[in-house]
Amino acid sequence: MPAPVSDSSPSGALVLSSSVDREVVYPIRHEVKPPIARLSISWARGNSFRVSIFKQQCGDNSAGSDDGEVGGQVLEVKIRNGDTEISAAEFRRIAYGSVSPFALLQSRKNMVLGLSKMSMGLSQFNPDGWEYIAEYSKDVSTILGNPKSLPSSAIEDPLEILKRVEEPTCLKAAWELMDVFYADKQSHWWLNERLVDWLAEYDSVLSTTQSTIHSKLVNFQKELDDLQVVEDNPSYWDVISSALAVGWQEIVVKMLRLHGSYQLDQLSNRETENGLVEAVALLVSKMPRMRPELDSGRLGECFKTKPDFTKAWEKWRSQITKLDGSAFWVHCAHVQTREGLRSMLQIILGNVESLSGATCNWMELYISQLLYVRPFTMGLESMYNLAERCMQLKKASNTDRLMRLMIGILGESTEVVLAECSRGFGPWMVAHAMELLTEESDQVEVLLHEELYDLGGISIEELHRLVYAQVLCSHAFTWQIAPIYLTSCAKQGIGFLETLLYNQPVQHNGMLLKNLEICRLYELDGLSSNIMKIAGVYHWKHGRKGCGVFWLRKARDEVRLNKIALQLFDSVGKSISDESFKQWEGLIELLGSESKNTGGLEFLHKYRDFKKSLHQVHHKGKTTGVVQSAVDSLIALMKNPSTPQRFWLPILNDSLKLIDWHEGPLLNVEQTNLLLNKLQELSTARLRPDFVESDLTPLALSSIRLALAKNLGRAFLEG
């Protein structure tokens, strides 16, 4: 639980403790002077705590005191999660970069699953899927970064033991360790050498929690410039033996060549000594390696088959034994050289005591045993037994997450591996590393995909993907990639995705368009329609009526559009001479003119057309086509059942000029009778309690009746 901040000084600490890990202390710097009365802790956005600190108010202080003291302060404390060496910006880069490999792998798995359901010949489609997993692992490893050489002098420094490269991250080391055991199936026959390469690249990462051979090399490198005779320094032989123990032959040979016997002025006096040093260096450089090839600059002889390797190994060991029993050691006058070289030979011959003394932790001892004692070890069970013996000789550290992960892998415990990935490296590692585990065995497949009642009917795989998706959703810069992981969760993913998209603000068009694009990509048509409805209602309520109508039309929300149309009735019922005509005309235009619109929408469109026709009659003269168009709009409007009764009289009042056209009747007998019948219906409708009376005066109603009667008579005469 969080512990309160200290009230004795303007600083404090937030302490988080659990039953598993040790307490974690987060320093807090605040400006509130003691005494502190109250402390409030709540969750902020993402993985941050909001800490509110309140000062105790003294009774004699007035409310208007201006002593400059702070009465309270609100701070945000970011809780470290997973790999603390990775910054927030770097995490976002990794999160975005790993989306593409993850999505591609899911697509391929779905394709293979679909083909298997169709009972097609699946052999040509890679039924095991390990090649897809290997490609996926390499892509993710590339995203995590490769160590880059730091700028150095063009002339190689002969005293430079270690190459200057960027410090690798613990996350990259963990991923590569998973790749060695789970992803790269083709390299299992030279797994021991893969582990040697892994330790050579990431032993520096282990240096952050314990003593390592890499840290010994770094320390010796600092002393090297000040040493006049390196072979007289005990650290020189200690570092060489340690590097040899874990198979770093290049460093061993380079350090041996720093031996004083190679100096031209001493070569004649120390010929035997130099011969022994060179013999050991040559044997080290010719060490048999069971692997396909070595990178440029690496030392050793590669063998791809076990018989060839065994033959070369026995021959090489016999040469080591022969040199160890040689009489030349008696003639080596330099004690440190003699003892140092013979100690190296004991390491090569697999002397357990020598190996234990040369290494710093159980993992380095384990690698040395695989190199010199058990080079033919195969299978995780035998490798785990060897690791247990090494942990007995070198006490295992519970503080190093890489070592805990290694123990879980060697113990073939998927639950431990997942727990250590989550505990040490965070949700990203678990969500992506599970893809490497799925191809391990049928038992692991069942463990990861079995739906568990305790988890709400979802699998462990889906649970960790949901957790990682929630981490992405907690940040404004990463929520956009969360749908990739949510849609891969069959049970609850779509529900979480809908909640995520519903919670996104709709007032910004950029954000809204992004949400709709996500819906389109995942064929969430119903959700897309609902989001557009929400956006339409939001804009309408906040005065952006045009935007509101636009999004409601895109959502095909006829119910709300008709309600909006009803709200416009009071505006459109005014006289043609009203200057507000253009204001509501544009809004009606936005409402759309599709034939499927019904009710209020259809009436508004027809009323708009009618108003336009009248407008043209008043301003463009007596053109026959214009006048006839106005008459047609009037009749269409009055015939349409969607036209509300309360607008009949205003429409007829605006049409008086057409009804009483001075050049002759524009309405025939049938059309005139239609309008008269509408007036009769209005007289009957007045008896209903829900009837809405128009604002027209009785004189206007009389004028309408007179104009219709006059037009009817003229129509009879012309007929």
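**Exercise 1. Over the ring of which residue does the charged end of Arg194 sit?**

Solution. The model is predicted; local features need pLDDT of at least 70 and side-chain atom pairs count only at pLDDT 80 or more, whereas totals for chains, interfaces and linings use all residues. Residues are numbered from 1 along each chain as its sequence is written, and side-chain values use heavy atoms, with hydrogens and water left out.

Step 1. Apply the criterion: a charge sits over a ring if NZ of Lys or CZ of Arg is within 6 Å of the ring centre and within 35 degrees of the ring normal.
Step 2. The charged end of Arg194 lies over the ring of Trp190, 5.8 Å from the ring centre.
Step 3. A further case is Lys545, placed over the face of Trp540 at 4.0 Å from the ring centre.

**Exercise 2. Determine which parts of the chain the salt bridge between Arg289 and Glu193 ties together.**

Solution.
Step 1. A salt bridge requires a side-chain nitrogen of Lys or Arg within 4 Å of a carboxyl oxygen of Asp or Glu. The closest N and O atoms of Arg289 and Glu193 are 2.8 Å apart.
Step 2. Arg289 belongs to strand β6 (residues 288-290) and Glu193 to helix α5 (residues 191-206), so the pair joins parts 96 residues apart in sequence. Helices (H or I, at least four residues) and strands (E, at least two) are DSSP runs, numbered from the N terminus.
Step 3. For accessibility, buried means under 20% relative accessible area, exposed over 50%, and partly exposed in between (1.4 Å probe, protein chains only). Arg289 is buried at 0%, and Glu193 is buried at 6%.
Step 4. Both residues belong to a network of salt bridges that also links Asp197, Glu250, Arg291 and Arg298. The structure holds 23 salt bridges.

**Exercise 3. Describe the salt bridge between Arg423 and Glu420.**

Solution.
Step 1. The side chains meet at 3.9 Å, N to O.
Step 2. Both residues lie in helix α16 (residues 414-425), three residues apart, about one turn of the helix.
Step 3. Arg423 is partly exposed at 37% relative accessibility, whereas Glu420 is buried at 10%.

**Exercise 4. Classify the aromatic pair of Trp198 and Tyr202.**

Solution.
Step 1. Rings of Phe, Tyr and Trp (its six-membered ring) pair if their centres lie within 6.5 Å; planes under 30 degrees apart count as stacked, over 60 as edge-to-face and the rest as tilted. The structure holds 13 such aromatic pairs.
Step 2. Trp198 and Tyr202 are 5.9 Å apart, centre to centre, with 45° between the planes, and the pair is tilted.
Step 3. Both Trp198 and Tyr202 are buried.
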